[in-house]
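Q: Please give a close account of salt bridging in this model. Kindly continue from there to the empty spaces and to the backbone geometry.

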Amino acid sequence: AQAMLTKIIAEKWFAPRGVIGFWPANVVGDDIRLFADDTRSTELATFFTLRQQLTKRGGKANVALSDFVAPVESGKPDYIGGFVVTAGIEEVAIAERFKRANDDYSSIMVKALADRFAEAFAERMHEKVRKEFWGYAPDEKLAPDELIGEPYRGIRPAPGYPAQPDHTEKATLFRLLDGERNAGVSLTESYAMWPGSSVSGVYLAHPESYYFGVAKVERDQVEDYAHRKAMPLVEVERWLGPILNYVPQHYAEAGRPLSF
């Protein structure tokens, strides 16, 4: 792996690309509403969030990503960022070339390293966002090995991951950033990113923000979520299938097991 990594860097096998953006934002309920400019008179888009429905010890609150953006009634102007980065489309052709040469090991390895490049790109971009582009932590000084523990202020949660398990939220992010034109990354019908070695998400700068898992959700929240997104309940239940804490009605009526 180290030998291939050295060669990738020396011969510039990959051509990473990325795009970032920032928007005025405030929260209404559990929805993060984005605005076209600082007058906040024109809504640009909405990121919908899901809230934990857990029984916690010590009276701890069930959180949603919307908790880390100022509510509109607070009168505080807040912001949110977004990003799409990729190691580049080159990995596809390189991996295929190794495969045609019956070198399956190298084909797998180049894909794995491309994934690491994309994650490293996302980490580096987040650092520049904190210190320069958004600039809310200009004096941050962390060594590379310190970044592993993520001791810095802010998070970059991704749609489809525990804090927001709904992959369809990527559509809003990609529309805002024009991810395909600006970063060369597109979404498949199942909202997977292509090229595969790509990372996307939102930037939240709240000093108390942290990563968490929504875990299981109940029917009442899913129905409310579907209403807020103006999406058919059946479709929302399909995308949230792995975290549903109930059997959807259409499955129960059909007598089919719930499997994903």
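A: In what follows, a residue is called buried when its relative accessible area is under 20%, exposed when over 50%, and partly exposed in between (1.4 Å probe, protein chains only). The model is predicted, so local features require pLDDT of at least 70 and side-chain atom pairs count only at pLDDT 80 or more, whereas totals for chains, interfaces and linings use all residues. Residue numbers run from 1 along each chain as its sequence is written, and side-chain values rest on heavy atoms, with hydrogens and water left out.

Side chains of opposite charge can pair when their charged atoms come close. Here the structure contains 14 salt bridges, each defined as a side-chain nitrogen of Lys or Arg within 4 Å of a carboxyl oxygen of Asp or Glu.

One of them pairs Glu-43 with Arg-33 at 3.3 Å, N to O. Glu-43 belongs to strand β3 (residues 43–48) and Arg-33 to strand β2 (residues 31–35), so this contact ties together parts that are 10 residues apart in sequence. Strands (E, at least two residues) and helices (H or I, at least four) are DSSP runs, numbered from the N terminus. With 45% relative accessibility, Glu-43 is partly exposed; Arg-33, at 26%, is partly exposed as well.

Two further pairs lie within helices. Lys-128 and Glu-132 are joined at 3.2 Å, N to O; these two residues of helix α3 are 4 residues apart, about one turn of the helix. Lys-128 has a relative accessibility of 21% and therefore counts as partly exposed. Arg-228 and Asp-224 form a salt bridge at 3.0 Å, N to O. Both belong to helix α7 (residues 219–229), and because they are 4 residues apart, about one helical turn separates them. Their exposure is not alike in class: Arg-228 is buried at 18%, while Asp-224 is partly exposed at 37%. Elsewhere, Asp-30, Arg-51 and Asp-67 are linked into one network by salt bridges that share partners.

The empty spaces come next. On a 1 Å grid over the protein atoms alone, a cavity is a set of points where a 1.4 Å probe fits but cannot get out; a pocket is an open set with protein on both sides within 12 Å along at least five of seven lines; lining residues have an atom within 4 Å of a point. Grid points are joined across faces, edges and corners, and volume is the space filled by probe spheres set on the points.

A search of the whole structure returns 1 cavity of 30 Å³ or more, and the largest cavity holds about 120 Å³. Its lining includes Ile-32, Phe-47, Phe-48, Leu-65, Pro-157, Ala-158 and Pro-159, together with Thr-49, Gln-164 and Glu-169. By class, this lining has 9 nonpolar, 2 polar and 1 charged residues, where Ala, Val, Leu, Ile, Met, Phe, Trp, Tyr, Cys and Pro count as nonpolar, Asp, Glu, Lys and Arg as charged, and the others, Gly among them, as polar.

The largest pocket has a volume of about 420 Å³. It is lined by 23 residues, and those closest to its centre are Glu-119, Arg-156, Ala-158, Tyr-161 and Val-199. Two or more lining residues come from each of α3 (104–133) and β7 (198–203), with α3 giving the most, 4 residues. The pocket lining comprises 12 nonpolar, 5 polar and 6 charged residues. Ala-158 thus appears in the lining of the largest cavity as well as among the residues closest to the centre of the largest pocket.

Pro-159, also in the cavity lining, sits in the loop between α4 (144–147) and α5 (169–177). At 7% relative accessibility, Pro-159 is buried. Its C-alpha lies 5.9 Å from that of Lys-170, although the two are 11 residues apart in sequence. The loop between α4 and α5 also holds Glu-150, which is partly exposed at 35%.

Backbone geometry completes the account. Most residues other than glycine have a negative phi, and most peptide bonds are trans. Glu-150, however, has a positive phi of about 50°. Ala-230 likewise has a positive phi, near 55°; this residue lies in the loop between α7 and α8 (233–239) and is exposed at 70%. Finally, Trp-194 and Pro-195 are joined by a cis peptide bond, with omega about 5°, and Pro-195 is placed in the loop between β6 (193–194) and β7.
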